[in-house]
Amino acid sequence: MMAANVSLAAPPPFDAERVRGDFPILDTMVNGRPLVYLDSAASAQRPLAVLRAVEDYETHSHANVHRGVHALSQAATAAYEGARERVRRFINARSAREIIFVRGTTEAINLIAQAWGRPRLRAGDQILISALEHHANIVPWQMLCEQTGCTLKVAPINRRGELQLEEFLKLLGPHTRLVAVAHVSNALGTVLPLKPLIEAAHAHGALVLIDGAQAVPHARLDVRALGADFYAFSGHKLYGPTGIGVLYGREELLTAMPPWQGGGDMILTVSFEKTTYNELPWKFEAGTPNMSGAVGLAAAMDYLEGLGVEAIAAHEQRLLQLATAELARLPDIEIIGTAAHKASVLSFTMKGVHPHDLGTILDAEGVAVRTGHHCAMPVMTFFGLPATARASFGCYNTERDVASLVQALGKAREVLA
Ligand code: PMP
């Protein structure tokens, strides 16, 4: 029976002010003003828990992994493989063999292009992506097309920046071998309708790779429930270190793929006559891996689960709605990307002002936004723009940050317009 003093009231509201205290870098002054960090979509800041986990590993546990019987090598191996298990739990994969550590989303997608695509695809085969992809989910496929003769198809988006699902479905066919799409667009914030898209792709016998770089920090990921075959993300967008990321792949698919890089750790035996490859996941991890990065990523996952992934997502949605409403009231601001379902990203332009100039003025006010094509040049071309300014929100942003952005936009208007 429930104790009488247990409250059934809603959980306390997310306390972003308290969260800020976990991120020492947020105390930085920029141009004499307190930093307002609105660039987490490019790279999120790291909490003390991550910084300390990395320091602790480097101070007490570092040696090379897997190959040593000595105590430190075993400690390093335990830390690295423990991090893999942590990732498995975070994304609910069936087995740690399905978790490949890579440098980031870019490397994960290149791995699939080269280890899955290159030996299999040929002229007549098709890869289907969407028009809102990051260059990391375009260029590896173009390279694969050059290498194998396969063809790249692109499903269009509408003026709100949403995938046109009907058109996507029309482009799916018997020749589609792989569908590779973002979970969340980094340039527009659009959340893609993955469920119907994955079901349709599978019904046509195609595999599905999801670029989750912008999704994993903002929503609970359950790869088994989602049903994608491959899922890629980067540690540095998830409040973890740079140079570490994850490729999730279904075990039977990874097992059937040849390695893509050769070297130490990915082999069982080597002779000049015949080399045999290691088991999953090490088959895809040639060379000394990024142990401290993996440890930091695991610490980031602990930290996020401590705050509550769902609570963070709800907080960011509130900020996104607030910022969207505030910017929509400004007559000279145009919001680029107005999809019904968005996550944490607000792209915009100011009439008559180049986004780079806007970014420079905002920086003078201490407000860090990203300006440019956001590695999504085809999206900019679609909207007929050279660039946008992009504010993005993380667990440490507050309503005050939104107010600072609005105020700095006012300043930019005075100076530039
Ligand atoms: N895909 C998307 C949607 C992204 O936002 C990014 C990073 N901007 C990437 C891929 C590439 O990630 P990384 O540079 O960490 O490999």
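Which element gives the largest share of the lining of the largest pocket? In this predicted model, the answer is S16, with three residues. That strand spans 370-372, and together with helix H4 (105-120) it makes up the elements that give two or more residues to the lining.

Let's stay with that pocket for a bit. Its volume is about 400 Å³, and 29 residues line it. Nearest the centre of the pocket you'll find Ala42, His134, Gln214, His236 and Lys237. Sorted by class, the lining has 15 polar, eight nonpolar and six charged residues.

What takes up this space? The ligand does: the space it occupies is the largest pocket. Around the ligand sit Gly104, Thr105, Thr106, His134, Ala136, Asn186, Asp211, Ala213, Gln214, Ser234, His236 and Lys237. Break that shell down by class and you get eight polar residues, two nonpolar ones and two charged ones. Some names turn up twice here: His134, Gln214, His236 and Lys237 surround the ligand and also lie nearest the centre of the pocket.

Now for the polar contacts, where the distances may be handy if you're setting up a calculation. Thr106 has a polar side-chain atom 2.6 Å from a ligand oxygen. For Gln214, an N or O atom of the side chain is 2.7 Å from an oxygen atom of the ligand. His134 pairs with a nitrogen instead: one of its polar side-chain atoms lies 3.2 Å from a nitrogen atom of the ligand. As for surface, the ligand taken alone exposes 400 Å², and the protein buries 84% of that.

Leaving the pocket, there are a few backbone details to look at. Most peptide bonds are trans, and most residues other than glycine have a negative phi. Which two residues are joined by a cis peptide bond? They are Leu280 and Pro281, with omega at about 0 degrees. To find the spot, go to the loop between strand S12 (275-277) and helix H10 (291-307), where Pro281 has its place.

Phi has its own exceptions. Asn31 is not a glycine, yet its phi is positive, at about 50 degrees. Look for Asn31 in the loop between strand S1 (29-30) and strand S2 (33-34). Asp265 is another non-glycine residue with a positive phi, here about 75 degrees. The loop that holds Asp265 runs between helix H9 (251-256) and strand S11 (267-270).

Key
Residues are numbered from 1 along each chain as its sequence is written. This is a predicted model: local features need pLDDT of at least 70, side-chain atom pairs count only at pLDDT 80 or more; totals for chains, interfaces and linings use all residues. Side-chain values use heavy atoms; hydrogens and water are left out. A residue is near a molecule or strand if one of its heavy atoms lies within 4 Å of it. A polar contact is a pair of N or O atoms within 3.5 Å; within protein, one must be able to donate a hydrogen and the other to accept it, and residues adjacent in sequence count only if both atoms are side-chain atoms. Accessible areas come from the Shrake-Rupley method with a 1.4 Å probe; for residues, only the protein chains shown count as cover. On a 1 Å grid over the protein atoms alone, a cavity is a set of points where a 1.4 Å probe fits but cannot get out, and a pocket is an open set with protein on both sides within 12 Å along at least five of seven lines; lining residues have an atom within 4 Å of a point. A molecule sits in a cavity or pocket if more than half of its atoms lie within 2 Å of its grid points. Ala, Val, Leu, Ile, Met, Phe, Trp, Tyr, Cys and Pro count as nonpolar, Asp, Glu, Lys and Arg as charged, and the others, Gly among them, as polar. Grid points are joined across faces, edges and corners, and a volume is the space filled by probe spheres set on the points. Helices (H or I, at least four residues) and strands (E, at least two) are DSSP runs, numbered from the N terminus.
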